[in-house]
Amino acid sequence: MAANKPTSSSSSPPEVTDETQDWIFGAGSGWVEARTSCDHLNSLSPDLLHLPTPDTPCSRCQNPVENWLCLCCKEVLCSRFVNRHMLMHHQQTGHCLALSYSDLSVWCFCCEAYLDAQIILQLRPIHQTAYILKFGEAPPLPQL
């Protein structure tokens, strides 16, 4: 005779942890949901239609790749994976919005989140200009 095992009808549902929810919603796979709003957009530079080119080196160490554009003052600085100059710039100045020239993503250091540059109206022209500078053509229309 088999030992009495609890059946699925008599056992309670498994507890869902924050880690499990992160995995279910994509964080475990590296997928990140970009925010569609940010309280720091008022710090954007008024002249972001004239951007430095994506091949501009870091203004501090001259690193040629993995660079970010500060969207507050337009300084080009390297990523946290190189010499951390953009991160230090944020810590020294409080400038919190930056565009990656690697993948054209926008990061808010204050929100600690990526921002959807194709959905947020204030960021869309910046993304379009950077895309044209990088690829020589207009970006595809966003899927809304």
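Among contacts in the protein between residues at least 6 apart in sequence, 51% link residues at least 24 apart. The model behind that value is predicted.

Start with the overall layout. Three helices and five strands form the secondary structure. Their order along the sequence is α-β-β-α-β-β-β-α. The protein has 144 residues, and 34% of them are buried. About 9500 Å² is exposed, with carbon and sulfur atoms supplying 54% of that area.

Now go to helix H2, which spans residues 85-93. His90 sits in this helix. Is His90 buried or exposed? Its relative accessibility is 15%, so His90 counts as buried, because the cut-off for buried is under 20%. Which residues does His90 touch, leaving aside its neighbours within four places in sequence? Two of the contacts are histidine and cysteine residues, His95 and Cys96. The others are Phe109 and Cys110.

Next, move along to the loop between strand E3 (97-100) and strand E4 (106-108). Ser105 lies in this loop. Although it is a loop residue, Ser105 is buried, at 16% relative accessible area. That value also falls under the 20% cut-off, so the residue earns the label.

What does the side chain of Ser105 pair with? Asp103 is the partner: a polar contact of 2.6 Å joins the two side chains. Ser105 has further contacts once its neighbours within four places in sequence are left aside. Ala98, Leu99 and Ser100 are on that list. Trp68 and Tyr114 complete it.

Key. Residues numbered from 1 in each chain as written. Predicted model: local features only at pLDDT ≥ 70, side-chain atom pairs only at ≥ 80, totals over all residues. Heavy atoms only, no water. Helix = DSSP H or I, 4+ residues; strand = E, 2+ residues; numbered from the N terminus. Buried < 20%, exposed > 50% of the residue type's maximum accessible area, 1.4 Å probe, protein only. Contact = heavy atoms within 4.5 Å. Polar contact = N/O pair within 3.5 Å; in protein donor to acceptor, adjacent residues only side chain to side chain. Areas by Shrake-Rupley, 256 points an atom, 1.4 Å probe, with all protein chains shown as cover.
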